[in-house]
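Biologist: I would like a close look at one part of this model, the packing of a pair of helices and the core around them. Please take me through it slowly.

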Amino acid sequence: MRQRDQGIRLEPLLEAISGFLDDQRDIIERIRRDLVRGLKQPDSGRHGLTATQVLRSLVLMRLKNWDYRELRERIADGLTLRQFTDFYCAPVPKHDAFQRGFIRLSPQTLRAVNDLVVRAAVELGLEDGAKLRYSATIRMRARVSP
């Protein structure tokens, strides 16, 4: 696992989620496609958030129920959260960069992320999935929709 390689240990819940997210190549590719969708020259210009950073930051934001500013501050201030969200020693962007990255995700991708979070919670034995599926869908729509 990536965190152990750095000598940093995440809290057990984040460690389990991190391991689960490491295996989600399909959703990461889907997020990457959403992030570059509509860009004329996606390989030029300033580099934004990576698909992995967007996925992990979105999951963290939902898990902790943080707003964009708190998400940014917590990641910037915490070594373990930097590891979890794949920022490591890189500068953490301003809060509005997270918002811009999250709104580029299509409704289908957000639904897939919701399903992923529910599946992770069920597989990790944290939830049975019935109530969590409903509340996660509602919260995603309320937070990300313009």
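Biologist: In what order do the elements of the chain run from the N terminus on, and which residues of α3 and α8 meet?

Modeller: This is a predicted model, in which local features need pLDDT of at least 70 and side-chain atom pairs count only at pLDDT 80 or more, while totals for chains, interfaces and linings use all residues. Residues are numbered from 1 along each chain as its sequence is written, and side-chain values use heavy atoms, with hydrogens and water left out.

From the N terminus on, the elements run α-α-α-α-α-α-α-α-α, which comes to 9 helices and 0 strands; helices (H or I, at least four residues) and strands (E, at least two) are DSSP runs, numbered from the N terminus.

For the pair you ask about, the axes of α3 and α8 come within 10 Å and cross at roughly 155 degrees, where axes are lines fitted to C-alpha atoms, for helices over the stretch in contact, and angles run from 0 to 180 degrees between N-to-C directions. That makes α3 roughly antiparallel to α8, a label given to angles over 145 degrees, with those under 35 degrees roughly parallel, 65 to 115 roughly perpendicular and the rest oblique. In this pairing Ile27, Arg30, Ile31 and Asp34 of α3 meet Gln108, Thr109, Ala112, Val113 and Leu116 of α8, contact being heavy atoms within 4.5 Å. These residues divide into 5 nonpolar, 2 polar and 2 charged, where Ala, Val, Leu, Ile, Met, Phe, Trp, Tyr, Cys and Pro count as nonpolar, Asp, Glu, Lys and Arg as charged, and the others, Gly among them, as polar.

Ile31 deserves its own sentence: leaving aside its neighbours within four places in sequence, Ile31 is in contact with Ala51, Val54, Leu55, Leu105, Thr109 and Val113. Together with Leu55 and Phe98, Ile31 touches the most other members of the largest nonpolar core, which has 33 residues; such a core is a set of buried Ala, Val, Leu, Ile, Met, Phe, Trp, Tyr and Cys residues joined through side-chain atoms within 4.5 Å, with buried meaning under 20% relative accessible area, exposed over 50% and partly exposed in between (1.4 Å probe, protein chains only). Among the helices that each supply at least two residues of this core are α3 (25–36) and α8 (107–123), although the largest share, 7 residues, comes from α4.
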